[in-house]
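Trainee: Please take me through one part of this structure slowly, with the terms explained as they come up.

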Amino acid sequence: MARAELDKRPTDVRRMFDEVAKRYDITNDVLSLGQDRRWRRDVFRAIDPKPGDLVLDLAAGTGTSSAPFVGAGAVVVPCDFSLGMLQVGKQARPHLPFVAGDATRLPFADDSFDAVTISFGLRNVVDHAAALAEMHRVTRPGGTLVVCEFSHPTWSPFRTVYVEYLMRALPPVATAVSSSPDAYVYLAESIRAWPDQARLATIIDEAGWSGVEWRNLSGGIVALHRATA
């Protein structure tokens, strides 16, 4: 799968992430110029977990985003549909209870979690609305949703530079550091095709969440959407 406008066949997306799993964390760190660490901290603060809270970290990959919740005394369940990611994650973080699951058909009961978060994974789900509805189903009333996703830079000149980086600079950099550079061509195109901040807020609202709000990170390269079940 090479182009973001093609249908996202789940088997293709799963295979793509299986292929990049071994060097996924280091590649993200390089491509984001280290900003991914800051974005993860912002997700953690937006969730604001309390000791004993049960948090679902969806599209958790290798569990990098899950680890801070443990330090706060919360119980976190990292969930991903890429077995390659889960295997790498379990080797690196054997204490985390990794679960294999499809975002559109989560293997959890209704009202199970105090909070659910998904970082840089929603745009790779074949049916965004179905995934958001599933997240709502498994979150208790009054629980929190935090979506961290690439978005649209708010300053027009910077937006132009950013798109040039995605389509021209990102592929050669990915070739140097990634275990599957072709996957990052797709990822770059999927970022360009993703809805802007306001449109994503509407999609979240239509999936049943309330009080949807967002704030821009890194000038709108990333947006953090927060809502209540």
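Trainee: In which helix do aspartate 42 and arginine 45 both lie, and how many residues apart are they?

Mentor: Both residues lie in helix H3, 3 residues apart, which is about one turn of the helix. Before going further, keep in mind that this is a predicted model, in which local features need pLDDT of at least 70, side-chain atom pairs count only at pLDDT 80 or more, and totals for chains, interfaces and linings use all residues. Residues are numbered from 1 along each chain as its sequence is written, and side-chain values use heavy atoms, with hydrogens and water left out. The mean pLDDT of the protein (the predictor's confidence in each residue, from 0 to 100) is 83, and 74% of the residues reach 70 or more. Confidence is lowest in helix H2 (residues 24-31), at a mean of 53, and highest in strand E1 (residues 54-58), at 98. Helices (H or I, at least four residues) and strands (E, at least two) are DSSP runs, numbered from the N terminus.

Returning to the pair, aspartate 42 forms a salt bridge with arginine 45, and their closest N and O atoms are 2.7 Å apart; the term stands for a side-chain nitrogen of Lys or Arg within 4 Å of a carboxyl oxygen of Asp or Glu. Aspartate 42 is buried, with a relative accessible area of 4%, whereas arginine 45 is exposed, with a relative accessible area of 51% (buried is under 20%, exposed over 50%, partly exposed in between, with a 1.4 Å probe and protein chains only).

A search of the whole structure finds 9 salt bridges, and another of them is the one in which the side chains of arginine 137 and aspartate 110 meet, at 2.7 Å from N to O. This pair links distant parts of the chain, since arginine 137 is in helix H6 and aspartate 110 is in the loop between E3 and E4, 27 residues apart. The side chains of glutamate 149 and arginine 123 also meet in a salt bridge (2.6 Å, N to O), and that pair too links distant parts of the chain, with glutamate 149 in strand E5 and arginine 123 in the loop between E4 and H6, 26 residues apart. Both glutamate 149 and arginine 123 are buried. As for our helix pair, salt bridges that share partners join Arg38, Asp42, Arg45 and Arg215 into one network.

Now for the surroundings of the helix: 7 strands form an open sheet with mixed pairing, in the order E3-E2-E1-E4-E5-E7-E6, where two strands pair if DSSP finds at least two bridges between them. Strand E3 (99-100) and strand E6 (210-217) stand at the edges, each with a single partner strand, so one side of each is left without a neighbour in the sheet. Helix H3 (residues 35-47) packs on this sheet, touching E4, E5, E6 and strand E7 (222-228), and the direction of H3 makes about 165° with that of E5. Here contact means heavy atoms within 4.5 Å, while axes are lines fitted to C-alpha atoms, for helices over the stretch in contact, and angles run from 0 to 180 degrees between N-to-C directions.

Within the sheet, 5 bridges join E1 to E2, which run parallel, and 4 bridges join E1 to E4, which also run parallel. Finally, 4 of the 5 residues of E1 are buried, so this strand is largely enclosed by the rest of the structure.
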